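Here are two short exercises to work through with the model open beside you. Take each solution one step at a time.

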Amino acid sequence: MRHGSIPGTHGRVRPLTLLGDPVLHTPCEEVTGFGPQLGQLVEDMFATMYAAEGVGLAANQVGESLRVFVYDCPDDEEVRHVGHVVNPRLVEADGVVLRGPEGCLSLPGLEAGTERYDHAVVEGYTVTGEPVSVHGTGWFARCLQHECDHLDGGVYVDRLTGWRRRRVMRQAARASWSR
């Protein structure tokens, strides 16, 4: 049985920021106020992530240039991880480097094989300012690294080279959402 409220039930769905918007390529600002506005942003982010059927969402993907992300993502053993991190720092990314399918809510419908470590640790805070450390393996480690990249002003296509990058960029240019 779950205790407490379900993330996103008190939030509103916000429009997604799409590839090409400068906020996606600008490092986000540290959060300095841990009040009700931050709590509402996190609720809105969960609601938006669920509406878009994603597994993670960074604040700049809803137009807020703040260092916050939310997640509801399984690992490779199908263990579900749900939470948020404020002012996250990727403190470990190690293990085997795997190329796996990666998509992004800011590039809807597109995906490319992207290299990521299979283990990651992110440290930061909750919306109430309590320290938190999140450990991920497999698919969940990929999610943590992906969301930290967003907050540093990057998207997964920035990690691609050669034909993989050219293919995704061509697909993005032709996508209905890029017009």
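In what follows, Ala, Val, Leu, Ile, Met, Phe, Trp, Tyr, Cys and Pro count as nonpolar, Asp, Glu, Lys and Arg as charged, and the others, Gly among them, as polar. This is a predicted model, where local features need pLDDT of at least 70, side-chain atom pairs count only at pLDDT 80 or more, and totals for chains, interfaces and linings use all residues. Residues are numbered from 1 along each chain as its sequence is written, and side-chain values use heavy atoms, with hydrogens and water left out.

**Exercise 1.** Find where H146 lies and decide whether H146 is buried or exposed.

Step 1: H146 sits in helix α2, residues 138-151 (helices are DSSP runs of H or I, at least four residues, numbered from the N terminus).

Step 2: H146 is buried because its relative accessibility is 8%, and buried means under 20% relative accessible area (1.4 Å probe, protein chains only).

Step 3: Beyond neighbours within four places in sequence, H146 contacts E102, G103, C104, R116 and Y156; contact means heavy atoms within 4.5 Å.

**Exercise 2.** Locate the salt bridge between R159 and D149, and place its two ends.

Step 1: The closest N and O atoms of R159 and D149 are 2.6 Å apart; a salt bridge needs a side-chain nitrogen of Lys or Arg within 4 Å of a carboxyl oxygen of Asp or Glu.

Step 2: R159 lies in the loop between α2 and α3 (162-174), while D149 is in helix α2, 10 residues apart.

Step 3: D149 is buried at 14% relative accessible area.

Step 4: Both residues join E102, R116 and R142 in a network of salt bridges.

Definitions and conventions. Helix = DSSP H or I, 4+ residues; strand = E, 2+ residues; numbered from the N terminus. Buried < 20%, exposed > 50% of the residue type's maximum accessible area, 1.4 Å probe, protein only.
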